[in-house]
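Have the model open and your viewer ready. We'll take a walk through a few side chains, some pockets and a patch on the outside.

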Amino acid sequence: MLSFKDILGQDLIKKHFITAIATGNVSHAYILSGEQGMGKKTMANAFALSLMCEEGKGGEPCRKCHACRQVLSGNHPDIIYVTHEKPASIGVDDVRRQINDTIQVKPYSGGYKLYIVDEAEKMTVQAQNALLKTIEEPPAYAVILLLTTNGEAFLPTILSRCVKLALKPLTDGQIRDHLTARLHVPEPQAEVYTAFARGNLGKAISLSESEDFQKLYEELLGLLEKVKKADLSELLEDVKRWKDEGVDLHQCLDFMQMWYRDVLMYKTTKDINLLIFKDQFPAIKEMGTASGYDGLERILTAIDKAGIRLDANVNTELVMELLFLSMKEN
């Protein structure tokens, strides 16, 4: 389990929690928001570790006291991870049974009792109303931490009573350095994972560990290198297979967009250091020679339109056929 000092980025949130713990001004309710993979659970666990520590100073845990050892082993009696049986919703019974009916029981040890609600955006209106009664008049020792992908997915009355903290995307440099230095990912691949992640470290790590993504990566490179020469039917056969395998075609479009932006970037600057696909430089240079500036811009526009059409449920084969035609013609 990481402590605050081990978490990459998110300095404002870490400072807020550390200061609150060090001064004893911990709020009774927080909303911690961020897209999936950005580290909400990691931040919540770091907060729990520091909050419960018996010896730590300045908000950093000692990791040695009895409370720290309990947190690290997942057995601290005053940290409650709220669960729900229905995958799509957190119901009123979940909130009443796990929070409302137990919150009046004082902490077994220490000064706080912490409730962590993951996927809190799934709370029904009834569940939120049940939680509201507790948030309005909580015991002094109670802290409720709502983790969510949507910081505005709650009733106004709940939003007004919680401290709202939003995780921010990391810089490309932070993610790339983490992948190369800590996970020993080769730099060319790290550049690609970083570009796909768009500030989300969890997504970058997941991509680096995904065999399916590695396979798709190689297939997409092969497709882009042959797109001008191959028959349209051959290209569409690849798309059909990806669709049958459950591949996210939007991810494929993102890949194509990054590739053609690299082609345009090199054609404009002749600087290989600005490329995402540095290890594919020969193919990128060749494609840049074969396509003009206007043609590359038209291809990038066609990729954007393909994404919009897929969202509008236009026939997948037709969408990709139009895109491949644009790639061939330009």
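At its relative accessibility, does Asp-238 count as buried or exposed? Keep in mind as you look that this is a predicted model. Asp-238 comes out at 14% relative accessibility, and since buried means under 20%, Asp-238 counts as buried.

Now look at what Asp-238 is doing there. Its side chain meets that of Lys-226 in a salt bridge, with N and O 3.5 Å apart. The two partners sit in separate helices, Lys-226 in H10 (residues 211–226) and Asp-238 in H11 (residues 232–244), and the pair links distant parts of the chain, 12 residues apart. Lys-226 has a relative accessible area of 26%, so this partner counts as partly exposed. The pair also belongs to a network of salt bridges, in which Lys-226 and Asp-238 are linked with Glu-219, Glu-234, Arg-241 and Glu-245.

How many salt bridges does the structure hold? The count is 15. Another one worth finding joins Asp-118 to Lys-41, at 3.2 Å from N to O. Asp-118 lies in the loop between strand S3 (113–117) and helix H5 (125–136), while Lys-41 lies in helix H2, so this salt bridge ties together parts that are 77 residues apart in sequence. Asp-118 is partly exposed at 22% relative accessibility, and Lys-41, at 52%, is exposed.

Step along to Glu-119 and you'll find a further salt bridge, this time with Lys-122, where the closest N and O atoms are 3.2 Å apart. Both ends are partly exposed: Glu-119 has a relative accessible area of 30%, and Lys-122 has 24%.

On to the pockets. The largest one has a volume of about 550 Å³, and 26 residues line it. If you want to centre your view, go to Gly-37, Met-38, Gly-39, Lys-40 and Thr-42, which lie nearest the middle of this pocket. Three elements give two or more residues to the lining: helix H2 (40–52), helix H7 (172–182) and helix H9 (201–209). H2 gives the largest share, with four residues. As for chemistry, the lining of the largest pocket divides into eight nonpolar, 10 polar and eight charged residues.

The second largest pocket has a volume of about 250 Å³. Its lining is made up of 15 residues, and those nearest the centre are Asp-172, Thr-194, Ala-195, Met-258 and Ile-276. H7 turns up again here, supplying at least two lining residues, as do helix H8 (187–197) and helix H12 (249–269). This time H12 provides the largest share, again four residues. The lining of the second largest pocket splits into five nonpolar, three polar and seven charged residues.

Last stop, the outside. Which residues form a nonpolar patch on the surface? They are Val-314, Leu-318, Leu-322 and Leu-325, and together they have about 280 Å² of accessible area. Pick out Leu-318, which lies in helix H15 (residues 316–329). With a relative accessible area of 42%, Leu-318 is partly exposed, whereas Asp-238, where we began, is buried.

Terms used
Residues are numbered from 1 along each chain as its sequence is written. This is a predicted model: local features need pLDDT of at least 70, side-chain atom pairs count only at pLDDT 80 or more; totals for chains, interfaces and linings use all residues. Side-chain values use heavy atoms; hydrogens and water are left out. On a 1 Å grid over the protein atoms alone, a cavity is a set of points where a 1.4 Å probe fits but cannot get out, and a pocket is an open set with protein on both sides within 12 Å along at least five of seven lines; lining residues have an atom within 4 Å of a point. Grid points are joined across faces, edges and corners, and a volume is the space filled by probe spheres set on the points. Ala, Val, Leu, Ile, Met, Phe, Trp, Tyr, Cys and Pro count as nonpolar, Asp, Glu, Lys and Arg as charged, and the others, Gly among them, as polar. Patches are made of residues with over 30% relative accessible area and no salt bridge: like charges are joined within 9 Å, nonpolar side chains (Val, Leu, Ile, Met, Phe, Trp, Tyr) within 5 Å. Accessible areas come from the Shrake-Rupley method with a 1.4 Å probe; for residues, only the protein chains shown count as cover. A salt bridge is a side-chain nitrogen of Lys or Arg within 4 Å of a carboxyl oxygen of Asp or Glu. Buried means under 20% relative accessible area, exposed over 50%, partly exposed in between (1.4 Å probe, protein chains only).
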